[in-house]
Amino acid sequence: MENLRCQCGHSNPLGTKLCESCGRSLTDKEQNSKLVDMRYEGTARRSQTYNRSIIDKIWNFFSSVKVGVSIIVILLVAAAIGTILPQQAFVPANTEATIKAYYADTYGSVGRVYHFLGFHDLYSSYWFIALVGMLAISLVIASLDRFVPLYKSLKNQRVLRHPSFMDKQRIYAEGPGAEDTLQKVEAKLKELKYKVRTDKNGLLAEKGRFSRWGPYVNHIGLIIFLAGVMLRMIPGFYVDETLWIREGETRAIPEVPGYSLENVKFALETYTGEGEEARFGEALGRVGTVAKNYQTDIVLYQAPKDSLPGATDNLEVVKEYSIRVNQPLKFDGYAMYQMDYKLNELKTMTFTLTDQETEESLGELTIDLIDPDKKYELKNGSTVELLGYYPNFSGFENGEPQTASPLPDNPGFLVEMTTPATPEGETSFITIQNTIEPFGTNQYKLAFQSAEMRNVSGLTVRKDKTLPILGLGGLIFMIGVAQGMYFNHRRFWLQQTDSGDILLAGHTNKNWFGLKKDLEQISVYASLPAYSDQQEDTEKEGELKS
Amino acid sequence: MTLTTISSNLLYIAFFAYLIATFVFGGAVKGNKQGSFDSEQRWGKVAIAIAIFGFLANVGYFFTRWAVSGHAPLSNMFEFTTAFGMTLVGGFILIYFLYKTPVLGMIVLPVALLIIAYASMFPNEISPLIPALQTNWLAIHVSTVVIAEGILAISAAAGLVYLLKIVDLTKKSKQRFWLEAILYTLVLVLGFIISSSYFNLTNYEAGFQYINKDGKEAAVIYYMPPIFGMNESVPLTEDALTPFIETPAVIDATKLTTITWSLLVGTVLYVLIRLVTRRRISQLIQPMLKNVSSQLMDEINYRAIIIGFPIFTLGALVFAMIWAQITWSRFWGWDPKEVWALITWLFYAAYLHLRLGKGWKGEKSAWLGVIGFAIIMFNLIVVNLIIAGLHSYA
Amino acid sequence: MLVMAGAIAFTIYNGVTKEKSELLQVGDAAPDFTLTDLDGERHQLSDYKGQGVFVNFWGTWCKPCEKEFPLMEKQYQVYKDQGVQILAVNIAQSDYEVRQYAEQRNLTFPIVIDKDKSVMEAYNIRPLPTTLLVNPEGKITKIITGEMSEEDIVSYMEEIKPE
């Protein structure tokens, strides 16, 4: 690698604009410009130096601000497109075909095109993820390209700079000085909390260098955040399951080995608009019912260590808790959230055994639809025997009653009723809608009296071990933003020539107003020559000309 | 007088204080013909005093309402939008003390007035919180967002002043067109407020039955004479106006009707202004900005974003994610409102990169500031009312 | 850089395929479990080490299960003395329903009930019926979702029969 040798003898890496040591301009462009470009201290940035190999080209592509901003803008537009129609996760369809049909039926040709282009699942499309990935690459490369040379340069700053570096700074002053000028300046600068270094006849004062790292710190934060998001694909980091659990049930929690959950009760409360809530009366009158609380009272069990799946005898109660919206159940790195519910599934049905003619009742029986008994004994030796139970009766097949699911949505019972009057027994098939008497007319019937209902709670089971990483990323980002935006890096270079003349230059990465205020205080104290803002001067000249 | 009436009266007081302050600021700016800043300073002081008085009344409204309802009044469109108006004025007052800029008041206060008036078009009774909102994160998340948006809006206002000052209105140009378009949009908001207030005061109501997008029958009430009809609609109210055009089921014709009325009234108003004054609105304002420092406006445009961006990140992304994790079990779900918060954030990130990395200052920066505000308003209005999602509480 | 490119490629791949990684695969050791049958007797999978176990998950509402059962019963009679065991795991139904169902069909192989669905979770069972073949060493040799014909059942039994 060939190096650039400056007149001062320092050897600079290729691409350096301002000598790392003395600050002389090394390129024609810099030599001819009135002010030096201090953005990255005139250091050699890889992206501005090499452009031969493929790797150079890729590096240069991603380190460009223009490319970075373009990626941001494309992402922004893409994200917006994804909100034109609802994403597939929000539509009431869940298979490829029904989703496609839903878009076509609901939104017509617009929906068809939207679905055809894959916009219905835009945020997990390969190109969207690829864009985010490109943004991440850009964050890393652009930061490295700038941070590494900048860091080196600021770390190895020399106090004495060449006059051509000083007089090309935006804030510049020269003029006669006194013997003690340097000491006075140093004292005042220290008072203003500057770090001051001196070398022979020169002085370098610096404050807030850390603010220069702000952009890189916040980019690191973002990278950590994105890395955290990626980690969730690794097994063990992330669990997202749904558990529908009915009142009275105890269920193993999906993806959470060893734990099970009992739903004691699910309750839905709504605002009444009475008493304390009278203040909401008007609003409730307008919109109708408003939910106040969704709550599942649960018991969390844990199987003893070394116990096997299926062993339910020795479960230990871990916790009794009420899961509510905003108050998830937390245990062992997992959390369970109240997400959904269904009200009023059948739980029990109560019948009376009745004489069809006299309406005389021989007693009552309650069938637990979740765990029915085989035989129900009534008074006077009457019995009802359950010959068959079909929780979700769906019709007959070859004369055999069928059930479509294990849930008692439409229970059907094949019963044999035995009474003192009918000791042989009478058979009857009962559903909610009707009663079939397969072997001729019966004397007795089971007359429906009442039903008990139970509710179903929809819970989400979640584990997300990436959350601390995401939090860390967010925190670092915020620190970086504050560091870069609310602080600034101010520097003054001062030299006294052998003839006693003072050369002074000042630089800050932002807030020149603040820098000037500092300088004014120093000038007054140490009677420095008046400074000029060379950029404002240039701008004013420009304005006069036009 | 109950606390509820006190609360709403305080909002009225704030509204009128802002209205008066607008004119005093205008006077302060206009009175400064010779560029002597004395009168501007003097009248500016009076104006800012009135604005602060209004702001205090506004804050009073906010906290009395909080006391009555028992939760931070940030839970529906009315509450959020009035709070936005409040933080906008708050942001302006902050900037005023940093930079002494009466001209900004002349632009910000009318916008705040429009926003508060827009808010009052929504049902304003105190409503109970659904379970998802019953947490302190409501106050934390929403207030941070609304403060950030108030400050970011100041950036747009400074940008607008900058543009009104420097865009050459004597020649036909894209800039001239878009600048006028911005002002026209503000007049349209006024159109919306006038038309809804009018039909509200006259108690217009017309019921219709229609077939919704799931193929089911549903009923709807129009509060403005129906220009557009719902899918296969049948009037339920006698002598209701027959809609001129029927729309397919996916389109909510009541919203389309409201938009059309606002457009009509707003446009009539705009045309009247043009006819009476024989000038573009931008031309009416430009002469008042003769002595405004464009450099200062550029600085405010940038400074407001520097302050607003981190607060926005905190409120609209960080706090939002924490709350979403607690309530919905996931910190991010690509809900439209979330997406638009991300879009807003990406947009301001692009602004900062362009300004700091590419040296986009002055006019370019000003346009970006105005576009940023447009995105915020889009998220507030369009995403809430048209693109339905988890955040549609209104 | 390569690491990053790889990570991003992996993310894209994952995002696009979105396939949930199956927890259990052929070749894995079959997770042990213990369940109670209708006579109150406990059946622990590991007790059958040295025998082939034909684990069938089913429910009374499941039509293909109903068709399989007589075939399974028939082959059970052939293979039970050759070291092949059937465990029919019912998914959380009531004793009454399961007993009634088994009695009607004269099923003699052990039928156990997974009351809290913990075995179903451990095996990540989604559609019914699902059958797992466990060889005498306790390894899963096949996972069959859906209905089996009589020939299938015979060949499966042969597959897990101890030598």
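Begin by selecting chains A and B of this predicted model, where 38 residues of chain B are in contact with 41 residues of chain A. On the chain B side, colour helix 2 (37–69), helix 9 (294–328) and helix 10 (336–358), since these are the elements that give two or more residues to the side touching chain A. Helix 10 of chain B gives the most, with 13 residues. If you then colour that side of chain B by class, you will find 26 nonpolar, 9 polar and 3 charged residues. Of the 2 pairs of chains in contact, chains A and B share the most contacts, whereas no contact joins chain B and chain C, whose closest C-alpha atoms lie 15 Å apart.

Stay at the boundary of chains A and B, and select helix 11 (residues 467–486) of chain A together with helix 9 of chain B, whose axes come within 10 Å and cross at roughly 170°. Angles over 145 degrees count as roughly antiparallel, and helix 11 of chain A and helix 9 of chain B are therefore roughly antiparallel to each other. To see the contact itself, show A:G474, A:M478, A:V481, A:A482 and A:M485 on helix 11 of chain A, and B:I306, B:P310, B:T313, B:L314 and B:V318 on helix 9 of chain B. This contact of the two helices has 8 nonpolar residues, 2 polar ones and no charged ones.

Next, move into the largest nonpolar core, which has 111 residues and in which B:V108, B:A157 and B:V161 touch the most other members. Its largest share, 17 residues, comes from helix 5 (residues 136–166) of chain B. Which residues does B:V161 touch, not counting those up to four places away in sequence? Select B:V103, B:L104, B:I107, B:L289, B:V292 and B:M297 to see them around B:V161. A second, separate core of 40 residues can be found by selecting C:A30, C:F54, C:F69 and C:A122, which are among its members.

Return now to chain A and select its open sheet, in which 6 strands follow the order 4-5-22-23-3-24 with antiparallel pairing. The edges of this sheet are strand 4 and strand 24 (532–533) of chain A, each of which pairs on one side only. Starting from the strand 4 edge, you can follow strand 4 (residues 195–199) to strand 5 (residues 202–207) of chain A, its antiparallel partner over 5 bridges. Look at the hairpin of these two strands, which has 2 residues between the strands, and pick A:K200, which takes a positive phi near 50°.

A path of bridge partners leads onward from here. A:K195 has A:E206 of strand 5 of chain A as its bridge partner, and A:E206 in turn has A:R491 as its bridge partner in strand 22 of chain A. Strand 5 and strand 22 (residues 490–496) of chain A run antiparallel and are joined by 6 bridges.

Then add the helices that lie across these strands. Helix 8 (residues 181–191) of chain A lies across strand 4, strand 5, strand 22 and strand 23 (501–508) of chain A, and runs at about 165° to strand 22. Helix 12 (residues 512–526) of chain A lies across strand 3 (171–176), strand 22 and strand 23 of chain A, and runs at about 150° to strand 23.

Finish with chain C, which has 5 helices and 7 strands, arranged from the N terminus on as α-β-β-β-α-β-α-β-α-β-β-α. Its C-alpha atoms fill a box of roughly 65 × 35 × 30 Å along the principal axes, and buried residues make up 37% of its 163 residues.

Definitions and conventions
Residues numbered from 1 in each chain as written. Chains lettered and ligands numbered in written order. Predicted model: local features only at pLDDT ≥ 70, side-chain atom pairs only at ≥ 80, totals over all residues. Contact = placed C-beta atoms within 7 Å. Helix = DSSP H or I, 4+ residues; strand = E, 2+ residues; numbered from the N terminus. Nonpolar A, V, L, I, M, F, W, Y, C, P; charged D, E, K, R; others polar. Pairing = 2+ DSSP bridges. Axes fitted to C-alpha atoms, helices over the stretch in contact; angles between N-to-C directions. Parallel < 35°, antiparallel > 145°, perpendicular 65-115°, else oblique. Core = buried A, V, L, I, M, F, W, Y, C linked by C-beta atoms within 7 Å. Buried ≥ 20, exposed ≤ 12 C-beta atoms within 10 Å, placed from the backbone.
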